[in-house]
Amino acid sequence: MTEQTAARLEPADAVGADTADRTTSRLEEEGEIAADYLEEFLDIVDLDGDIELDIDHGRAAVEIVAESDSQARLSRLVGSDGEVLDALQELTRLAVQTSTGERSRLMLDIAGHRAGRRRELTELAEQAIAQVRSTGEEVSLPSMNPFERKVVHDAVAAAELVSDSEGVEPHRRVVIRAESS
């Protein structure tokens with residue numbers, strides 16, 4: 001590489017780094033706003049929990065965790081099949097959007113529910129992938145929410161197969177194929 005080429009690349013690298021810094025800063029701000037909102041919410045419903053913030057796959061990730069003796073009470077915020085968690089995530093996203101003026105894609109987890117569900121779904125996807133590979137026929141999975149479908153799509157992509165979401169909410173499901181039709 002010549003000095004002239006290197007000189008031309010440095011500003012682009014600096015711009016890329018600046019953009020990455022702004023993105024990280026924006027996601028950290030989303031996490032902080034979400035944490036403030038959720039702390040107030042926990043106070044209102046009189047539940048104990050600690051808020052942990054992270055950035056995961058280009059999204060603010062917020063988790064409410066508790067000591068094992070408070071875990072059962074906190075899990076009420078998950079609901080059966082995670083519907084309460086989904087609703088609280090949407091409310092939290094709206095609180096962030098109200099504050100920042102921008103749509104948020106933050107992910108909320110409570111008491112490790114989504115982390116556990118991610119493990120279950122990855123295992124289900126791996127079984128379906130093995131079936132597609134052995135039979136060559138497509139496999140249709142049960143209806144899933146958007147978070148669950150994304151987990152399956154990611155596992156299928158990693159296995160270098162093809163997946164599509166079919167159907168209409170709330171009955172959308174993932175169909176896995178050996179190759180695109």
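This passage describes the nonpolar cores, helix α3 and the surroundings of S163 in a predicted model. Residues are numbered from 1 along each chain as its sequence is written, and side-chain values use heavy atoms, with hydrogens and water left out. Local features were required to have pLDDT of at least 70 and side-chain atom pairs pLDDT 80 or more, whereas totals for chains, interfaces and linings use all residues.

The largest nonpolar core (buried Ala, Val, Leu, Ile, Met, Phe, Trp, Tyr and Cys residues joined through side-chain atoms within 4.5 Å; buried being under 20% relative accessible area with a 1.4 Å probe, protein chains only) holds 19 residues, of which I64, L108 and I110 touch the most other members. At least two residues each come from α1 (3–44), β2 (59–65), α3 and β3 (107–110), and α1 gives the most, with five. Helices (H or I, at least four residues) and strands (E, at least two) are DSSP runs numbered from the N terminus. A separate core of 18 residues includes A128, V151, A159 and L161.

In helix α3 (residues 83–100), the buried residues are L85, L88, Q89, T92, R93, A95 and V96. Seen down the helix axis, these residues fall within an arc of 160° (taken from the directions from the axis to the C-beta atoms), so they line one face of α3. Just after α3, G101 takes a positive phi of about 80°.

S163, in strand β5 (residues 162–166), counts as buried because its relative accessibility is 17%. The side chains of S163 and H153 are joined by a polar contact of 2.5 Å, the term denoting a pair of N or O atoms within 3.5 Å, where within protein one must be able to donate a hydrogen and the other to accept it, and residues adjacent in sequence count only if both atoms are side-chain atoms.

Methods. Buried means under 20% relative accessible area, exposed over 50%, partly exposed in between (1.4 Å probe, protein chains only).
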